[in-house]
Amino acid sequence: DIAFASSGGKRLANQNINKQLKKYADMAGIEKPMSCHILRHTCGTLVYIGTGGDIVMTKEVLGHKSINVTQIYTYSEEISNKISKETTNVTNKLVANW
């Protein structure tokens, strides 16, 4: 399964994807490091939050074999709310700068 593919359908190298992610992070005013791994972690966290804390669904979406690995994406309600708010703010900035 390819998450990021070229227009010809070939897998993009992580280095190239990371450069694009950094570009969009800069556009959104994100000063923290950005990479494919961080994007995957963010996706897992948002799935977990969006499903109301369904660890099994999050495990399936991320393709983990073990729920123990997926537990990395679980947070307290306070932190989950902060992540949701920050993600919405970043999305709004990207849309405004697009």
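**View 1. Helix α3 is followed by Gly63, a residue with a positive phi, near 75°.** Helices here are DSSP runs of H or I with at least four residues, strands are E runs of at least two, and the numbering starts from the N terminus. What you're looking at is a predicted model, in which local features need pLDDT of at least 70 and side-chain atom pairs count only at pLDDT 80 or more, while totals for chains, interfaces and linings use all residues. Residues are numbered from 1 along each chain as its sequence is written, and side-chain values use heavy atoms, with hydrogens and water left out. Now go to the N-terminal end of α3, where Asp54 acts as a cap. One of its side-chain oxygens sits 3.1 Å from the backbone nitrogen of Val56.

**View 2. Which residues of α3 are buried?** Thr58, Lys59 and Leu62 are, in a helix that covers residues 55-62. (Buried means under 20% relative accessible area, exposed means over 50%, and partly exposed is in between, using a 1.4 Å probe and protein chains only.) Look down the axis of α3 and these buried residues fall within an arc of 100°, so they line one face of the helix. The arc is taken from the directions that run from the helix axis to the C-beta atoms. That buried set packs against α2 (36-50) and α4 (67-70).

**View 3. Gly44 sits in helix α2.** Buried or exposed? Gly44 counts as buried, because its relative accessibility is 0%. Skip its neighbours within four places in sequence, and Gly44 is in contact with Thr58, Leu62 and Tyr73. (Contact means heavy atoms within 4.5 Å.) Thr58 and Leu62 should look familiar: they are among the buried residues of α3. For a sense of scale, Gly44 and Asn81 are 37 residues apart in sequence and 15 Å apart in space, going C-alpha to C-alpha.

**View 4. Thr70 belongs to helix α4.** With a relative accessible area of 0%, Thr70 is buried. Its side chain meets that of His64 in a polar contact of 2.8 Å. (A polar contact is a pair of N or O atoms within 3.5 Å; within protein, one must be able to donate a hydrogen and the other to accept it, and residues adjacent in sequence count only if both atoms are side-chain atoms.) Leaving out residues up to four places away in sequence, Thr70 touches Ile55, Thr58, Lys59 and His64.

**View 5. How many salt bridges does a search of the whole structure find?** There are two. (A salt bridge is a side-chain nitrogen of Lys or Arg within 4 Å of a carboxyl oxygen of Asp or Glu.) One joins Asp26 to Lys22, with the closest N and O atoms 3.3 Å apart. Both partners are in helix α1 (residues 14-27), four residues apart, which is about one turn of the helix. An α-helix has 3.6 residues a turn, so residues three or four places apart point the same way. Asp26 is partly exposed at 47% relative accessibility, and Lys22 is partly exposed at 47% too. Another bridge links Lys59 and Glu60, with the closest N and O atoms 3.2 Å apart. Here Lys59 is buried, at 15% relative accessible area, whereas Glu60 is exposed, at 52%.

**View 6. Ser35 lies in the loop between α1 and α2.** Ser35 has a relative accessible area of 19%, so it's buried. Not counting residues up to four places away in sequence, Ser35 touches Asn18 and Leu21.

**View 7. Phe4, Leu12 and Leu39 make a nonpolar patch on the surface.** Together they offer about 210 Å² of accessible area. (Patches take residues with over 30% relative accessible area and no salt bridge, joining like charges within 9 Å and nonpolar side chains, namely Val, Leu, Ile, Met, Phe, Trp and Tyr, within 5 Å; accessible areas come from the Shrake-Rupley method with a 1.4 Å probe, and for residues only the protein chains shown count as cover.) Leu12 is in the segment before α1, and it is partly exposed at 32% relative accessible area.

**View 8. Zoom out, and the protein chain has five helices and zero strands.** The C-alpha atoms fill a box of roughly 35 × 30 × 20 Å along the principal axes. Of the 98 residues in the chain, 18% are buried. The accessible surface comes to about 7,200 Å², and carbon and sulfur atoms account for 55% of it.
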